[in-house]
Amino acid sequence: MADFETPELKEYPVIPHLQEGVMAHSKPFVAKEEFQESLGFPGELVDNWEQVALDKMQELTGKYRGFQVFLDSCVKCGACTDKCHYYLGTSDPKNMPVARQDLLRKVYRRNFTFAGKYFPKLVGAVDLTKEVLDDWYSYFHQCSQCRRCSVYCPYGIDTAEISMAAREIMDCVGVGQKYCNEIIGKVYKIGNNLGLPQPALVDTLEGLEEEVEEDIGVKVRFPVDEKGAEILVVTPSADFFAEPHVDGLIGYAKVFHEAGISWTLSSYASEAANFGMFIGSYENMRKVSLRIREAALDLGVKRIVMGECGHAWRVAYSFLNTLAGPFDFLDPNYPVPQHILEFTHDLIQRGALTMDKSANDDMVLTYHDSCNVARASRMGSKPGGQFTIPRDVIRASCNHFYDMPQDTIHEATYCCGGGGGLLTDDLMELRVKGALPRMEALKQVVEEHGVTHMAAICAICKSQFSKVLPYYGFTMDSIVSVHQLVSNAIVVGSKQ
Amino acid sequence: MPFLTVVYALLFYLATALLVGGLAYKIRQYAKTPAPLKIPTTPAPVTRSGVVLRMFRELAFFESLFKSNKWIWVFGYLFHFGMLLVLARHLRYFTNPVWTWVDLIQPFGLYAAFAMAAGLAGLWARRFLVDRVRYISALSDHLMLALLLGIALTGLAMDYLTHTDIVALKAFFLGLMYFNWQPIPEDPVLLLHLALVATLMIIFPISKLLHAPGIFFSPTRNQVDNPREQRHLAAWAAKLENR
Ligand code: HEM
Ligand code: SF4
Ligand code: SF4
């Protein structure tokens with residue numbers, strides 16, 4: 001299957017001993033000149049790159065308090081060392097969160113702190129060399145920016161923030177990552193990550209309409225670019241055709257149909273994901289976000305609802321108002337934006353949907369909390385709504401649900417292994433190994449409760465699991481969308 | 001004035017100036033640097049008072065550390081709260097008359113010094129015994145523990161082995177505070193203890209001890225989770241909007 005070994009699933013999770021350098025070879029393809037330049041970055045390594053990088057580092061410490069405080073505050077207590085799925089899956093010490101931060105911190109210390117300038121050996125400070133840059137490229141692309149380490153650090157030091165800054169610095173000296181930067185370019189040019197142009201989108205949605213009508217005998221609409229609709233739905237483009245994502249999209253459509261509320265997709269903002277975050281670029285993140293604002297204005301909608309996607313929800317929930325607000329032209333009675341699960345949950349609570357749970361009786365389910373939903377956003381009005389609302393909806397849609405072990409869910413959830421701009425074939429080994437902790441947790445509920453399927457609400461998680469589940473002996477279709485369960489259970493037409 | 005008194009007097013003035021000046025500089029830097037995005041680690045409080053409570057739990061109980069590692073938590077907690085009590089106990093050298101509560105905690109202060117030393121020893125042991133912690137430790141991380149342990153042990157030595165002239169010592173420090181210098185007791189253990197303390201004060205603002213002010217400014221812990229309700233915009237980010 002591949003030129004690396006899939007880790008063995010143990011009975012109980014164990015913290016591995018260090019194996020230095022075992023993942024040093026793992027690096028994603030470098031972005032070509034044209035993709036760098038369309039994002040405003042130099043096309044190749046600039047001549048005086050050391051100086052450019054240091055200048056950028058200094059600029060970022062002045063712009064981001066978190067970056068500055070995190071660089072200064074780590075006491076090397078070691079509490080985070082066993083919290084990263086990439087360390088647990090690879091044993092490479094540079095995948096321990098603090099060691100990952102130190103790759104950058106040691107250069108910061110050397111150039112910007114008294115101790116590092118005059119006593120570099122003492123505090124482990126080093127100059128920025130090509131070897132250091134190579135290490136950065138390798139290991140800052142082995143962080144999925146999942147923030148698990150931040151939960152456990154006594155000061156909340158978030159390695160994701162350091163990774164983002166590091167990637168921004170690397171972009172600015174001309175070494176960007178192909179996968180992320182190419183995708184952002186596609187969003188600017190076409191409107192979504194997959195590069196699906198408007199006519200193809202219309203075609204796809206028409207196809208879905210026919211498919212659903214054939215299936216349930218009711219015409220459920222999948223509108224696109226319809227001015228005057230009540231709700232603009234922005235969803236990850238994977239929802240338009242990949243399995244199991246598309247079954248989730250069908251679920252949203254059925255929910256809107258039942259709610260009797262008009263909605264529309266936008267071909268201009270046909271992407272919920274915002275890869276600007278992965279590369280730590282405020283400006284690119286803002287530019288991608290503004291497309292949603294423009295689409296909402298252009299279509300004259302009153303509300304914005306986001307589809308199932310983890311990092312997209314982080315950007316939408318936590319940053320959209322900042323990046324593309326204020327949204328005072330929308331209906332103030334609803335949060336901007338809303339998550340599709342908040343929307344569906346609300347309808348279920350009000351008894352507005354008829355759910356036939358037995359429609360999902362062929363599955364025994366568990367639920368994977370996506371990292372950026374769990375630790376970087378919220379749903380509903382109470383802290384922790386991001387855990388209860390999806391589970392409430394799942395429980396309302398099926399009869400058999402079991403959670404994975406406590407230390408692998410909610411805020412302690414493990415990343416799928418493919419987040420943060422790492423969902424690319426050139427990082428397959430990392431992705432498989434990084435999935436280990438989640439696979440171990442899954443195995444436990446499979447054995448204890450006969451779980452057959454795992455539900456998720458993130459396009460990256462779904463794609464990643466479809467790909468890596470088989471490496472661990474599960475079938476690729478054991479990952480499902482939450483709204484796929486809703487779609488199966490919802491009785492369409494019952495309220496008319 | 002005896003030579004050593006002059007040296008130690010100047011040393012403590014210098015150390016205090018560097019500690020206060022350095023910390024003021026860093027705190028000002030943290031306070032002035034914007035946090036352009038809402039990045040609290042969620043679930044996070046949705047109100048300001050909720051954030052105050054979260055921060056209090058971090059400070060008083062090391063909540064996040066408790067979640068992550070019980071060994072580090074036990075040793076870290078013994079060390080920090082031992083040190084806090086010891087420090088409070090030391091106030092008797094700087095106050096005249098001694099505040100009542102400082103008097104009341106004197107007996108506990110002694111146990112606290114043992115707790116502090118035990119905590120430090122445990123933390124240091126981890127740096128050798130746990131391969132992950134060994135890997136991330138620089139020389140400075142060991143020296144920091146050595147310094148603190150040195151302070152604790154020389155302090156304990158004065159309580160149990162050699163007895164220092166406390167009255168003269170108090171006169172020395174009060175003299176420093178009121179610019180009316182008095183001779184320092186020339187006991188070698190005391191002189192070592194004080195030299196280590198001054199070193200600690202000097203390196204405080206240029207070392208990882210910045211975690212103490214840092215925690216208050218950590219955006220993942222001090223931000224309110226209300227990005228949808230309230231628009232959060234940094235000044236430099238606002239400039240992008242007018243381009
Ligand atoms: C706001 C006050 C403070 C808080 C909340 C705080 C919290 C912490 C925490 C949670 C740790 C990690 C666990 C551990 O290793 O103990 C730590 C480590 C440490 N703290 Fe503090 N601390 C504070 C003030 C101080 C002060 C004033 C000092 C020194 C004079 C200090 C010295 C240290 C040292 C040396 C370590 C590293 C221990 C090691 O090497 O493992 N802390 N602190
Ligand atoms: S953010 Fe996630 S992937 Fe990155 S170092 Fe922390 S735990 Fe690992
Ligand atoms: S838990 Fe925080 S302070 Fe401790 S080593 Fe990790 S990043 Fe540093």
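**Chatting through a predicted model**

Modeller: Ile206(B) counts as partly exposed, because its relative accessibility is 36%. Keep in mind that this is a predicted model.

Biologist: Okay, so where in chain B does Ile206(B) lie?

Modeller: Look for two helices of chain B, H10 at 188-203 and H11 at 211-217. Ile206(B) sits in the loop between H10 and H11.

Biologist: And how much accessible area does the nonpolar patch with Ile206(B) have?

Modeller: Ile206(B) shares that surface patch with Phe114(A), Tyr118(A) and Phe119(A). Patch members need over 30% relative accessible area, and Ile206(B) has 36%. Together the four residues named here come to about 430 Å².

Biologist: Switching to the sheet in chain A: which strands are at its edges?

Modeller: The sheet is open, with three parallel strands in the order E5-E6-E7. An edge strand here pairs on one side only. That gives E5 (365-367) and E7 (479-481) of chain A.

Biologist: Which residue of E6(A) stands opposite Tyr367(A)?

Modeller: E5(A) pairs with E6(A), residues 453-456, in the parallel sense over three bridges. Opposite Tyr367(A) you'll find Ala455(A).

Biologist: Now cysteines. Why is Cys416(A) in no disulfide, and how far away is the nearest cysteine sulfur?

Modeller: A disulfide needs two cysteine sulfur atoms within 2.5 Å, so the distance decides. Over all chains, the structure holds zero disulfides. For Cys416(A), the nearest cysteine sulfur belongs to Cys461(A), and the distance is 4.0 Å.

Biologist: Is Cys416(A) buried or exposed?

Modeller: Buried means under 20% relative accessible area. Cys416(A) has 2%, so it's buried.

How values were computed
Residues are numbered from 1 along each chain as its sequence is written. Chains are lettered from A and ligands numbered from 1 in the order in which they are written. This is a predicted model: local features need pLDDT of at least 70, side-chain atom pairs count only at pLDDT 80 or more; totals for chains, interfaces and linings use all residues. Side-chain values use heavy atoms; hydrogens and water are left out. Two strands pair if DSSP finds at least two bridges between them. Helices (H or I, at least four residues) and strands (E, at least two) are DSSP runs, numbered from the N terminus. Patches are made of residues with over 30% relative accessible area and no salt bridge: like charges are joined within 9 Å, nonpolar side chains (Val, Leu, Ile, Met, Phe, Trp, Tyr) within 5 Å. Accessible areas come from the Shrake-Rupley method with a 1.4 Å probe; for residues, only the protein chains shown count as cover. A salt bridge is a side-chain nitrogen of Lys or Arg within 4 Å of a carboxyl oxygen of Asp or Glu. Buried means under 20% relative accessible area, exposed over 50%, partly exposed in between (1.4 Å probe, protein chains only).
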